[in-house]
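Welcome, and thanks for opening the viewer. Keep the selection box handy, and we will go from stop to stop together.

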Amino acid sequence: MLKRLITLLVLCCTPALAEDEQVVLGLSQDRVAITATFDGSEILIFGAVKRETPIPPGPPLEVIVAVAGPSSPVMVRRKERKVGIWVNTDSVLVDSAPSFYAVATSGPLDDILTDTEDLRYRISIERAIRSVGAAMHIRGAQDFADAVVRIREDENLYSIRENTVAVDEQTLFRTSIAMPADLTEGDYAARIFLTRDGEVISQYETIIDVRKVGLERFLYNMSRQQPVWYGLMSLVIAIAAGWGASTAFRLLRET
């Protein structure tokens, strides 16, 4: 009976201990509208840490913010020069890669997050890319996943910004995430992690809705739902634009 009572007490107390510090999050906006003049956006992410007990002694609280766009498979091909021309030699399908990925931290990522926790929660850019494997005959298979990261970093779609999350009194935190103009439409997952001594002690996730609106939305839907009419409309617009330009140049020459 005593053993059962002790076991019951442990089970009851464990969730409370795991939730001593919780994230209370806020966003400057939870919806990004992509219009014809959209040139990017910046989202302010701020929040507080809710506690039932005083701040525990020991290593300070650290905060990691990760925002990920919709994921999809990516085919990566390697080119080699043969007989004077560049040809595709090997190809690997990277199983899942987010269209956008940004990480902001309150300190150096290697110092505030252990490799084990990174592997568990897939926080760093390298962990966010999922590549199950490649054919045995392909050499340097990891290079293909690295190429995805390198290309998207050059396009400002992937970034890690260390020491950009401000943490006040281990309770309040804030940062901003810059989102480029060429965003993929969909749900963007914003994850916030609280860590101590490299271990994740709490996490929170919310969604940022990124959608095309107005004329952009109309054309996008038409191109996929009514491709024939979309093609005909594009042809008419191109003919009209060409005719208008030729008429304008002819009038200019006559004057």
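How many salt bridges does a search of the whole structure find? The search finds five. Please keep in mind throughout that this is a predicted model.

**Stop 1: a salt-bridge network**

Select Arg51 and Glu21 and show their side chains. They meet in a salt bridge, with N to O at 2.7 Å. The two partners come from distant parts of the chain: Arg51 belongs to strand 3 (residues 41-51) and Glu21 to strand 1 (residues 21-27), 30 residues apart. Arg51 is buried, with a relative accessible area of 19%; the cut-off for buried is under 20%. Glu21 is buried as well, at 7%.

Now add Arg196 to the selection. Its side chain forms a salt bridge with Glu21, at 3.0 Å from N to O. Glu21 sits in strand 1 and Arg196 in strand 11, so this pair ties together parts of the chain that are 175 residues apart in sequence. Arg196 is buried, with a relative accessible area of 11%.

For another pair, pick Arg174 and Asp168. Their closest N and O atoms are 2.8 Å apart, and the two form a salt bridge. Here the partners are partly exposed: Arg174 has 43% relative accessibility and Asp168 has 32%. Returning to the trio, Glu21, Arg51 and Arg196 are joined into one network by salt bridges that share partners.

**Stop 2: the whole chain**

Zoom out and switch to a cartoon view. The chain has seven helices and 12 strands. Of its 255 residues, 35% are buried. Among contacts with a separation of 6 or more, 70% are between residues 24 or more positions apart.

**Stop 3: Ile192 and its surroundings**

Select Ile192, which lies in strand 11. Is Ile192 buried or exposed? Ile192 is buried, with a relative accessible area of 0%. Next, draw a distance from its C-alpha to that of Leu25: the two are 8.4 Å apart in space and 167 residues apart in sequence. If you expand the selection and set aside neighbours within four places in sequence, the contacts of Ile192 include Val23, Leu25, Ile45, Val63, Ile64 and Val65. Phe173, Ser202, Gln203 and Tyr204 are also in contact with Ile192.

**Stop 4: the largest pocket**

Show a surface and select Ser71, Ser96, Pro98, Arg122 and Ala128. Of the 13 residues that line the largest pocket, these lie nearest its centre. The space in this pocket is about 200 Å³. Which elements each supply at least two residues of the lining? They are strand 6 (85-98), helix 4 (125-128) and strand 11 (186-196). Colour the lining by residue type and you will find five nonpolar, three polar and five charged residues.

**Stop 5: Glu117**

From Arg122, go to Glu117, which is found in helix 3 (residues 115-121). Glu117 is buried, with a relative accessible area of 2%. Leaving aside neighbours within four places in sequence, Glu117 is in contact with Arg122, Gly198, Glu199 and Val200.

**Stop 6: helix 5**

Select residues 142-154, which make up helix 5. This helix has 13 residues and reaches 19 Å from its first C-alpha to its last, close to the 18 Å expected at 1.5 Å a residue. Which residues of helix 5 are buried? Phe144, Ala145, Ala147, Val148, Val149 and Arg152 are. As you look down the axis, recall that an α-helix has 3.6 residues a turn, so residues three or four places apart point the same way. Just after helix 5, Asn156 takes a positive phi of about 60°.

**Stop 7: two loops**

Keep your backbone torsion display on and select Gln170. Its phi is positive, at about 55°, although Gln170 is not a glycine. Gln170 is in the loop between strand 9 (166-168) and strand 10 (172-179). At 23% relative accessibility, Gln170 counts as partly exposed.

Finish at Asp197, in the loop between strand 11 and strand 12 (199-212). Asp197 is another residue other than glycine with a positive phi, near 55°. Asp197 counts as exposed, at 59% relative accessibility.

Definitions and conventions: Residues numbered from 1 in each chain as written. Predicted model: local features only at pLDDT ≥ 70, side-chain atom pairs only at ≥ 80, totals over all residues. Heavy atoms only, no water. 1 Å grid on protein atoms, 1.4 Å probe; cavity = no way out; pocket = protein on both sides within 12 Å on 5 of 7 lines; lining within 4 Å. Points joined across faces, edges and corners; volume = space filled by probe spheres on them. Helix = DSSP H or I, 4+ residues; strand = E, 2+ residues; numbered from the N terminus. Nonpolar A, V, L, I, M, F, W, Y, C, P; charged D, E, K, R; others polar. Expected span 1.5 Å × (residues − 1). Buried < 20%, exposed > 50% of the residue type's maximum accessible area, 1.4 Å probe, protein only. Contact = heavy atoms within 4.5 Å. Salt bridge = Lys/Arg side-chain N within 4 Å of Asp/Glu carboxyl O.
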